[in-house]
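This briefing covers the salt bridges of one predicted model. Please have the sequence and the coordinates open while reading.

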Amino acid sequence: MVDSNTNRLPLEGVRIADFTWAWAGPYATELLAFLGAEVVKIESVKRPDHARTRSLSHGLSNRDLDKSSVFNDLNLNKLSLSLDLKQPKAIELAKRLVAVSDVVAENYRPGVMDKLGLGYDVLRQIKPDIVMLSSSAMGAVGPERNYAGFAPTFAALGGAAHLTGYPDKRPVPLMGSSDLRSASTSAFAILVALYHKARTGQGQHIDLSSTETIAINISDSILDYIMNGCVAVRKGNRDEIMAPHNVYPCKGESRWVSIAVATDEEWQSLCKAMSSPSLADDERFSDGYRRWCNQDDLDQIVGEWTANFTDYEVTAMLQKAGVAAMPTLQGTDLYEDSHFKFRSVATEVTHANVGTRFVVGPPWKFSATPARIRHSSPMLGEHNEYVLGGLLGMSRDEIAALEEDGVLS
């Protein structure tokens, strides 16, 4: 499915049977599709991916299964095979697809694929070198293996929600970003397993816990408790060492700039940029420790200065002075940002039902094997004939009989 006039993509020739749904699974396989893998998404009208009908983060809902912008964002470059997995014939077709695939990916609750007759022990009998990713909320083993979970619960049980927010406020769940962190970890794990397979000829089963993918990102807090008995707490935008280290108000409605000062030299540069060189000699802020101890006063002084300028003006002044500063961009700002535009972070894609929209493309730039968006997300069952006829060698009459029996629905 790769255009012949382009450089060979890194994963060209790799086929993935994709049983994933929601966010945490589909974004993982989308990343691999950006790299050239042929990803066949197995789904059904009777049990569609809920990203086709609603988004828990955005509050959007659709009755038309082929008109979801959220689904389009998460399933670019993929193919769609519609199979009602409650029917034995559909299970047999799924097994035949696995037989000509390199990877199987799923993010159901543990045990669901086994109940369907598509567990790893069965699939490796069909394809001994198959790589299978099973991503779930808590992993496939352990006392909490059967817990259901979505992004906010990953953040809660993974410890990140407890550390996110302000000291006097409630914990803040991370919503969809937790799914995407889990997905990136899943894609990495699949690549490692494929590399191992290329070296040894051996497949393997990957048991991935989405909650653990969040927990490993706060490993410093875990280690601090293990080694020192210290329990990390919410601290807003402040740092354990650096000060000033916060977001500060700027001209305009809800406009903010992030500023972080790591050294005495950077602090002196900030004071000069603020046209307040004498501030560097203030006893309260004379070194890093004193600045950290007097952050309330420091944040008020810096905030009163930033309020006189736009976020981009503050950024330009401080970056020129060698101080880390950036506007706190909203979604619209990201779309309009000249640097993001230059790097083509957002790319226009035309979908037959969704229309022409900007989507977020591959997060990397390769010099020799450029990852890219080749086509929009698929209509449900759009590639039934290609998969069944082209990959599995079935005749049109056989495919028509499957449609009549309701297997392809």
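The points below treat the salt bridges of this predicted model, grouped by pair and by burial.

The count comes to 25 salt bridges. Three pairs are described here, followed by a network of shared partners.

**E43 and R52**
- E43 and R52 form a salt bridge, with 2.8 Å between their closest N and O atoms.
- Both residues of this pair, E43 and R52, are buried.

**K197 and D129**
- A salt bridge joins the side chains of K197 and D129, at 3.6 Å from N to O.
- This pair links distant parts of the chain, as K197 and D129 are 68 residues apart.
- K197 belongs to helix α8 (residues 176-200), while D129 sits in the loop between α5 (120-126) and β5 (131-136).
- K197 has a relative accessible area of 11% and is therefore buried, the limit being under 20%.

**D297 and R284**
- D297 and R284 form a salt bridge in which the closest N and O atoms are 3.4 Å apart.
- D297 lies in helix α13 (residues 295-306) and R284 in the loop between α11 (264-273) and α12 (288-293), so the salt bridge ties together parts 13 residues apart in sequence.
- D297 counts as partly exposed because its relative accessibility is 33%.
- R284 also counts as partly exposed, at 32% relative accessibility.

**Network**
- D102, K127, D129 and K197 are joined into one network by salt bridges that share partners.
- Two members of this network, K197 and D129, are the pair with the 3.6 Å N to O distance.

Conventions. Residues numbered from 1 in each chain as written. Predicted model: local features only at pLDDT ≥ 70, side-chain atom pairs only at ≥ 80, totals over all residues. Heavy atoms only, no water. Salt bridge = Lys/Arg side-chain N within 4 Å of Asp/Glu carboxyl O. Buried < 20%, exposed > 50% of the residue type's maximum accessible area, 1.4 Å probe, protein only. Helix = DSSP H or I, 4+ residues; strand = E, 2+ residues; numbered from the N terminus.
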